[in-house]
Amino acid sequence: MTFLLILLIILFFLELVLGSVAIPYQEIFRILTGHGSSHDSWIMIIYNFRLPKAVVGLCAGACLAIAGLFMQTLFRNPLAGPDVLGLSAGASLGVAIVVLSAGTAGASSILGNLGFFGSVGIAIAASFGSGLVLLMILAVSKRVQSSMTLLILGLMFGYTANSFISILMHFALAERIQAYTIWSFGSFGGATWDQIQVLVLFAVFGLICSIFLIKHLNVLLLGDQYAESMGLNLIRTRNKIFIITAVLSGVVTAFCGPIGFIGISVPHLCRALFATANHCILIPACILLGACLALTADIIASVPGYSITLPLNAITSLIGAPVVIWIIFSKSRNGMEVSV
């Protein structure tokens, strides 16, 4: 765990150092400690671009990893995740309803004209959309026994949400459509400090609440009947997991776009790294490794030394897809269905 913490600190600092403009690390230390810099432009780059992006990446990776861990535990399925089961699509629908239906245009960013309370509103809308999809999945899971069927239904819910988004885009202003399309590629660099305050507020709330569910999550791993025999209130526990997962995946999607594969891959990497299913270890490990993976993907996407930026989702897919392939093949090699 100490190694992950050190790695996170290194990656956070690299996020500040690397970019299209080379800034000496001594200057970055001076800027962060309030001693100024020999170049005013370097101060602006650090405080307005690189530091916000690093904070957003840290929060987004941690939130998505915990949301993925919760869903895999709740459904006892290793392929469950915010993007796979349609939660990201539901959150995107919540954002689309707020943004694409607005009557004004001209923002360079999809969130460009939102103040603090507007940012809270869009975070709530995204969390509501994510929660609505998760609620439908929970309702269906009581009747469907096959984990693969449940995954397919989750994909269908996601396609349905995307269909409504397409309809909204058809009637939206051209500027809004362009901004929404760019937002859908995923990015940690589109949020202002006001929006970052909202993201951090929601993230800290969700992550702290997740710590109080550690014992409940460990009991759920042993099955519903055993959990009930231990006195666990399944309905109340599922509702808590449902709310936290919806908030974490929703707020990240609202300010970063639909980020794929972090939620599904990080819990498996943590289980393999620590060889345990104990959530006392997995939750802090997922927070640290999720943040590390998100920062790594963003550093690669920024293409240090060049004035280009790759779509963040393309990088997270290149990192996360091999993990999912490994999960499927490892289960198939053991003659097992893809379920926990």
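This is a short walk through one predicted model, from its overall make-up to two helix contacts, two loop residues and the cysteines.

Okay, let's begin with the whole chain. The protein has 340 residues, and buried ones make up 49% of them. What is it built from? There are 14 helices and 0 strands, so if you read the elements from the N terminus on, you just say "alpha" again and again. How do the contacts spread along the sequence? If you take contacts between residues at least 6 apart, 78% of them join residues at least 24 apart.

Now please find helix α13, residues 279-301. I'll use α13 as our anchor, and we'll look at two of its partners.

The first partner I want to show you is α12, which covers residues 262-274. At what angle do α12 and α13 pack? The angle is about 125 degrees, and the axes sit 9 Å apart. That makes α12 oblique to α13. As for handedness, the crossing of these two is right-handed. If you'd like to click on side chains, α12 brings I262, S265, V266, P267, L269, C270, R271 and F274. On the α13 side, they meet I281, L282, A285, C286, L289, G290, L293 and A294. Sort the residues of this contact by class, and you get 13 nonpolar, 2 polar and 1 charged.

Next, jump back to the start of the chain, to α1, residues 2-17. Helix α1 also packs on α13, with an angle of about 25 degrees and the axes 9 Å apart. Is that roughly parallel or roughly antiparallel? It's roughly parallel, because the angle is under 35 degrees. And α1 passes α13 in a left-handed crossing. From α1, the contact includes a run of leucines, among them L4, L5, L7, L8, L11 and L14, and also F12 and E15. Across from them in α13 you'll find A285, L288, L289, A291, C292, L295, T296, D298 and I299. By class, this contact has 14 nonpolar, 1 polar and 2 charged residues. Notice that A285 and L289 meet α12, and that A285 and L289 also meet α1.

Let's go to the loops on either side of α12. Coming out of α11, residues 234-256, you enter the loop that leads to α12, and F261 is in there. F261 has a positive phi, near 75 degrees, and F261 is not a glycine. Buried or exposed? F261 is partly exposed, at 23% relative accessible area. In the loop between α12 and α13 you'll meet A275. A275 also has a positive phi, about 55 degrees, without being a glycine. With a relative accessibility of 68%, A275 counts as exposed.

Last topic: the cysteines. How many disulfides are there? The count is 0. Take C256, for example: the nearest cysteine sulfur belongs to C59 and is 8.7 Å away, so C256 is in no disulfide, since a pair would have to be within 2.5 Å. C256 is buried, with a relative accessible area of 1%. Then there's C292, which we just saw in the contact with α1. Its closest cysteine sulfur is in C270, at 9.6 Å, and that is too far for a bond. C292 is buried as well, at 3% relative accessibility. And C270 is one of the α12 residues that meet α13.

That's my tour, and I'm happy to take questions.

Conventions:
Residues are numbered from 1 along each chain as its sequence is written. This is a predicted model: local features need pLDDT of at least 70, side-chain atom pairs count only at pLDDT 80 or more; totals for chains, interfaces and linings use all residues. Side-chain values use heavy atoms; hydrogens and water are left out. Buried means under 20% relative accessible area, exposed over 50%, partly exposed in between (1.4 Å probe, protein chains only). Axes are lines fitted to C-alpha atoms, for helices over the stretch in contact, and angles run from 0 to 180 degrees between N-to-C directions. Helices (H or I, at least four residues) and strands (E, at least two) are DSSP runs, numbered from the N terminus. Angles under 35 degrees count as roughly parallel, over 145 as roughly antiparallel, 65 to 115 as roughly perpendicular and the rest as oblique. A crossing is left-handed if the near helix is turned anticlockwise from the far one by less than a right angle, and right-handed if clockwise. Contact means heavy atoms within 4.5 Å. Ala, Val, Leu, Ile, Met, Phe, Trp, Tyr, Cys and Pro count as nonpolar, Asp, Glu, Lys and Arg as charged, and the others, Gly among them, as polar.
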